[in-house]
Amino acid sequence: MRCIIKELINAFVSGTISGSLYALMALGLTIVYGVTHIFNFGHGIVAVSGGYFTWLFISRAGMGLIPATVVAVAVMFVIGLILYRTTLNPLLNTENWEFSVIIFLLGLGILWENLLLQTFGPRVKDIPKFLSGRFKLGFVRINYHEIALIVIVILSVVVLNFILKKTWFGQAMRAVAQDMDGARIVGINLKRTFGVAFALATAVTGFSGVLLATKYYMTPHIGWDWMVKGFVIVVFGGLGSATGAVYAAFILGLAEAVITLYLGSMWVWPIWFFMFLIILLIRPQGLMGGRTL
Amino acid sequence: MTKLNWKIIAVALAMVGVAVYPLAHGDMYIMHIFILFFIWSTVASNWNLLMGVAGITSLGNIGFLAVGGYMSGILAKQFGWSPWGCMILGGVAAMVLVTLLVGLPALRLSGIYIALLSLIFADSLPTILTQTRTITGGAMGLHDIPPFFEGMTRMQAYYIVFVFFMAMHAMIWWIIHSSTGLAFVALRDSREFASALGVSEYREKIKVFAMVSFMTGLSGGFYVHYLGDISPTTLGIEPFLLTIAMMELGGIGTFMGPVLGAAIIVFGNEFLRLAGTLRLAILGGLICATILFFPGGFIQLIGWIDNRLSRGRKNER
């Protein structure tokens, strides 16, 4: 009996940690979808790029972890802005844009993934941890790094919340998410708001990639796994709902930890599929369906 | 009657050329490439029927192919049944499984859900295959699958798959021009008006989804019985990307587009092998460039040439 409780508490701790990382990653996806209605099928590689840029700045430019992360996130923001301005904006004006944007982002993601693979090779890269050492609480072992991750995620969510609720651009984004035509009538520049939203989401996703890479490992291909998890999370939370995505990330992170404990990590994928299926059948609008950002 | 223009003549000549090729020249390797072209063109045309014609953004069609192929291969190998019956059963299995698991839940929702669900479906198949190693051969794949009949030669296989290719394309042509195809045109032009006239979007979508999954599963059967093996690498990123490139490059939403795209990609891929590991990057770039600069694909190019030709003729008069 004690043994089961011990296992479950350990699963709970690791589920909370991975859940918080997934939450930040899914937020990037949900901001883009909520504002622009683009579903980013290159989401995984965006996260991986954030990690790779950080790794590059640490190993080649000799920066510390924190400055490297800041620079990488800034670079991701600029890339997002440029990508939106040069390619996505013209595509959005075409007929059938929903479909061409999906295929375009998929193709771009694969192009970028293979360029990363070609440049840096298939070997696993890792980023140093924020804090080393660990402590023991009863029978649960927790790394200081994991505590740091949870704190960082909570801080990021607070900052993101502030950006969305209090700054001018954030309010514009929420207005666009709630009513596109209404926002246009009161004088919000849709094109610029879309661009900033896409860039912000790219930066957030890149940052979540850095955090994921410090916790797990990183290869150019790992983005696919992260992305599909992000998809299930945002659908579970309700497409375009930021609060829903955070709740869903924790629920699914815990579910994943329990599955790994009792069935083995091989079964995580098919079970994500079945969870997705059940969500679609029972509550297709998601946990927080209908609410925007 | 449609006017006999150079496009119809070109297609007819190409078909005759393909039909007599094994008798006239009959290089083993080129015949193999042609057979692959027949199979992949069928897969791409089916996918295009789903995406381009019906507007269902499915991303898991390679998964349908794998389900049909594995089913057919396992039945033929384990039970020694006739490959012909097994291929039909494989197609039916793909249809039932995919329509139940992916089509029914996701098609009643908006477009993005079907893309997500079908992508995750195709991505979770390799895990299931490696977990059921005793039946499916796991990561090593299924080998020594019996051919269409004992002692099959390359030329016989060529004609069998050629007939299959023609039959499937006739079927797709028929679907596009049937009431189902017409319903999608109506839905695209005005959803409200079409549904007011009694077109049920959900029912038409399920119908075309079931047909496409059946035909794609059947292609999977032809694929495994011709090649003799299948492994989870079929579900990897490369076949997926190649098929998407076939549709985009050829011209999505048109009947001839995917066939043309499949011809370019299957024969071009042999040259792309020289690029080695950069191949996938080149394909990804090609897809992006096509969408950005040439959204209509090669069919658009041909239409443009056609326009110029007819205008030139008018000027002469």
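**Domains and core of chain B**

Colleague: How many Å separate the centres of domain 1 and domain 2 of chain B?

Modeller: This is a predicted model, where local features need pLDDT of at least 70, side-chain atom pairs count only at pLDDT 80 or more, and totals for chains, interfaces and linings use all residues. Residues are numbered from 1 along each chain as its sequence is written, and chains are lettered from A in the order in which they are written. Domain 1 of chain B is 31-235 and domain 2 is 237-317, with bounds from an automatic or database domain assignment. Taken over C-alpha atoms, the separation of the centres is 22 Å.

Colleague: Which element gives the largest share of the side of domain 1 of chain B that touches domain 2 of chain B?

Modeller: Contact means C-beta atoms, placed from the backbone, within 7 Å; here 18 residues of domain 1 of chain B and 17 of domain 2 of chain B take part. Helices are DSSP runs (H or I, at least four residues), numbered from the N terminus. Two or more residues each come from α2 (28-53), α3 (61-79) and α7 (154-176) of chain B. The largest share, 13 residues, belongs to α2(B).

Colleague: Where does the largest nonpolar core lie relative to the two domains of chain B?

Modeller: A nonpolar core joins buried Ala, Val, Leu, Ile, Met, Phe, Trp, Tyr and Cys residues through C-beta atoms within 7 Å, buried meaning 20 or more other C-beta atoms within 10 Å. The largest has 183 residues, and α8 (190-215) of chain A gives the most, 14. Because domain 1 and domain 2 of chain B both give residues to this core, it lies between them.

Key: Contact = placed C-beta atoms within 7 Å. Buried ≥ 20, exposed ≤ 12 C-beta atoms within 10 Å, placed from the backbone.
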